[in-house]
Amino acid sequence: MSKLWPFKRNSSSPPSSGPTTPVHEGSDRASAHAPARAGSAIGGSNSAYDDISANYSHSPSTRMLRRQLSYDTNADERSRLLGPGRAARFGPLDPDDPAVSPYNLWTVRGLRWMTIVLLCVSVVWWVLLLVSAFVTPPGMNSRGSGFYEFAFATIAVAILIVTLLFFATPSRAEQYSCLVISFLLFVDTIIILAVEGIRVEAGWVGITSVIWAMVMSGWVVLCDRIVEYGKAEEEERLTGRHETKRTLKEWSAVFTSTILTFLLIVVTALLTLTLIMIAHDTSLAPFGSRYYVDGEKYQVHVFCEGNKNVSESTVLLEAGEYPVEGGMEGWVFDAYNNGSIGRYCYWDRPGFGFSDNAPSPLSAGMAADALSEALAKAGETGPWVLVSHGVGGIYSRIFASRHAVEIHGLLLIDTLHEALLYRIGSPGRGFRLWLRGIISPLGFDRLWGWMFKRDTREDRIFGTAAYQNGKLIKAKLQEALVATTYTHNEIITAKVILPRDVPLAVVSSGERVKNDLRWYEAQRDLSGLSDRLVGWDIVDCAPHEVWRTLQGRKVLETRLKQLVDARKSREVS
C-alpha cells in the first residue's frame with residue numbers, strides 16, 4: 001500500500017500514528033501539511049521510494065487524481081457536474097472536446113426528453129390517422145377525406161424528428177424556418193375554423209391535428225433558442241469564450257437541418273394554398289339537399305328534377321367512376337327536356353360530388369342502405385327505374401334486390417360484372433389510390449389547373465378535375481378495399497334475390513367489348529339477369545361513357561323511354 005501513495009514523504013518529519021486525509025488542491029492548510037502527513041503515514045526514509053514517488057507525482061494519472069480530489073465540500077444534487085471556474089483552475093478546454101456540450105445543463109436535457117415524449121405522442125396520433133384510412137376508429141370519423149389531417153400529423157412528426165437529430169447544433173436558419181412553418185399553420189388553423197364547410201368536414205380530428213402541428217413548430221423554436229443560449233454559456237465556462245466558428249460537422253448538421261425544414265416550408269405552403277382553394281370551392285351550393293345518414297355520421301346529396309306522378313316511374317341515376325353531375329346527367333336531362341321521361345333523381349355516393357365521406361370500411365351494400373335512408377328522408381318512394389354506369393351497376397343491383405317491389409326497370413350502361421371486381425380490388429390499385437390520397441393535400445394538379453388552366457369550382461367538385469379531389473380518392477380507396485370481400489358477397493346475394501321478371505336493358509361500349517374479351521363475356525352474362533330483356537345494344541366506336549357519342553345518346557334515350565313506359569304489371573310497351 002505504501003508504494004502506491006502518490007505524494008513524496010518528508011523523511012525529516014517524525015512518524016505519526018494519526019489517520020491520513022486526502023489532500024484538497026487549492027486549500028492552503030492541506031498543502032502546508034501534506035508532506036508531513038505523508039511522511040508520518042509512511043514512516044522512515046527510503047531513497048528508492050523517493051525517486052519513484054518524485055517521478056510518479058508528475059504522471060498524468062496523478063494529475064487526474066488531484067483534479068478528482070479537488071471538489072467542493074458544499075456541493076449537493078443541484079450542483080453542476082462541471083462547476084464554475086473550471087477553465088481558470090485547469091486551463092480552457094478545446095472547443096471540440098466532448099465535454100463542451102449544452103447537455104451539461106439540466107434544462108437542455110429536460111427539453112430533449114420532453115421533445116422525445118412529444119414525438120411519441122405525435123407518432124401515436126399519426127398511426128391512428130393512418131389506420132383510419134382503412135378502418136375508422138370509434139369516435140374518429142371525419143366527414144372529409146382524412147388526408148389533410150394525416151398531412152398535418154406528418155408535419156408535426158417530421159419537425160420533431162429533425163429537431164432531435166440536430167438538437168445540440170442550434171441554428172438561426174432552422175429557427176426562422178420553423179417560425180415560417182408555425183405562421184403558415186396558424187393561417188391554416190384560421191381557415192379551417194373560419195370556413196364552415198372545411199370546419200364541418202375536418203371535425204375535431206382535423207382541428208386537433210392542425211393545432212397540434214402549429215404548437216409543435218412553436219415548441220421547436222423555443223427548444224432551439226434555449227439550446228443556443230445553453231451552448232454559448234457552456235462554451236464560455238469551459239473554453240473561456242463563446243465560439244463563433246463552426247466545425248465541418250456542425251456546418252453539415254446546419255445545412256442538412258436547413259434543407260429539411262425548407263422542404264417542410266414548401267409542403268406547408270402548398271397545404272395552405274390548397275385550403276384557400278377549397279375554401280373558395282365550398283361557396284358552391286349543392287343543387288339538391290343533403291341528408292344525414294348512418295346515425296347522422298355524414299351527409300349525402302340527393303337531387304330530383306320534375307313533378308311527381310304516381311302513374312309514372314322516377315328514373316334514379318347511379319354514377320360510375322365519377323359524379324353524376326359531371327357527364328351522366330347531361331343526356332338524362334336532355335331526355336327530360338324532350339319529354340322521354342317525366343322525372344329523375346340522382347345522388348352522390350359518399351365521397352362523390354357534394355356528399356361527405358363515410359367511415360371505413362364502406363361496402364356497396366352499406367352505400368345502398370345510405371341511399372335508402374336518404375330517399376326516405378327526402379320523401380322519395382318510387383317506383384324506380386334504375387340507370388347505372390360502370391361500377392355503379394353493382395350498387396344499383398344491390399339496391400334493387402332490397403327494394404324489389406318498387407323497381408320497374410334496370411338500365412345497365414357498360415356496367416362492371418361481379419366476376420371482374422378483382423380489377424378494382426387489386427392490392428396494387430389500392431396502394432396507388434392510397435399514395436395519391438396522401439399527396440392530394442399538396443394539390444399539385446389542382447393548383448396547376450386553378451392557376452393556369454382556369455379550372456372552375458364545378459370542375460374540381462364534379463367535373464373534369466374531380467378525380468384530383470381527395471374525397472373522391474378516399475371513396476375509391478374504400479371501394480377497392482372491400483371489393484373482393486364484402487361487396488362481392490353482397491352482389492352474389494343480390495343476384496339470387498333480384499326477381500327475374502324485372503325489365504332489363506344493357507348497353508355496352510363497342511371499344512371495350514372489341515378490345516377486352518372478358519368484358520364482352522361479362523356484358524353477355526349481365527343481359528341474362530332477367531327473363532324480360534328489353535335489349536342488349538353494343539354501340540360501335542363508343543367509349544366507356546357511351547353517351548359521349550351521338551349514336552350512344554340515341555340508344556340510351558330509346559331504351560330508357562321503353563323502361564319508363566312500363567306499367568306496374570311490368571309489361572314493356
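Of the contacts in this protein between residues at least 6 apart in sequence, 81% bring together residues at least 24 apart. The model you are looking at is a predicted one. Its chain folds into 20 helices and eight strands. Of the 573 residues in the protein, 50% are buried. The exposed surface comes to about 27300 Å², and carbon and sulfur atoms supply 60% of that area.

**A pair of helices**

A good place to start exploring is the pair α6 and α7. Helix α6 covers residues 147-165 and helix α7 covers residues 172-194. How far apart are the axes of these two helices, and at what angle do they pack? The axes lie 13 Å apart, and the angle is about 165°. Angles over 145 degrees count as roughly antiparallel, and α6 and α7 are therefore roughly antiparallel to each other. The crossing of α6 past α7 is left-handed.

Which residues make the contact? From α6 come F152, I155, I159, V162 and T163, while α7 brings E174, C178, I181, L185, D188 and I192. Sorted by character, the residues of this contact are eight nonpolar, one polar and two charged.

**Unusual spots in the backbone**

Next, follow the backbone through some of the loops. Most peptide bonds are trans, and most residues other than glycine have a negative phi. Here are four places to look at in that light.

| Site | Backbone feature | Loop |
|---|---|---|
| S360 to P361 | cis peptide bond, omega near 0° | P361: between β4 (344-348) and α11 (364-378) |
| G382 to P383 | cis peptide bond, omega about 0° | P383: between α11 and β5 (384-389) |
| D414 | positive phi, about 45° | between β6 (407-413) and α13 (427-439) |
| C541 | positive phi, about 60° | between β8 (533-539) and α20 (550-564) |

Helix α11 is a handy landmark for the cis bonds: P361 sits in the loop between β4 and α11, and P383 sits in the loop between α11 and β5.

The other two sites, D414 and C541, have a positive phi without being glycine. Is D414 buried or exposed? D414 has a relative accessibility of 0%, and since buried means under 20%, D414 counts as buried. What about C541, buried or exposed? C541 has a relative accessible area of 62%, and because exposed means over 50%, C541 is exposed.

How values were computed
Residues are numbered from 1 along each chain as its sequence is written. This is a predicted model: local features need pLDDT of at least 70, side-chain atom pairs count only at pLDDT 80 or more; totals for chains, interfaces and linings use all residues. Side-chain values use heavy atoms; hydrogens and water are left out. Helices (H or I, at least four residues) and strands (E, at least two) are DSSP runs, numbered from the N terminus. Buried means under 20% relative accessible area, exposed over 50%, partly exposed in between (1.4 Å probe, protein chains only). Contact means heavy atoms within 4.5 Å. Accessible areas come from the Shrake-Rupley method with a 1.4 Å probe; for residues, only the protein chains shown count as cover. Axes are lines fitted to C-alpha atoms, for helices over the stretch in contact, and angles run from 0 to 180 degrees between N-to-C directions. Angles under 35 degrees count as roughly parallel, over 145 as roughly antiparallel, 65 to 115 as roughly perpendicular and the rest as oblique. A crossing is left-handed if the near helix is turned anticlockwise from the far one by less than a right angle, and right-handed if clockwise. Ala, Val, Leu, Ile, Met, Phe, Trp, Tyr, Cys and Pro count as nonpolar, Asp, Glu, Lys and Arg as charged, and the others, Gly among them, as polar.
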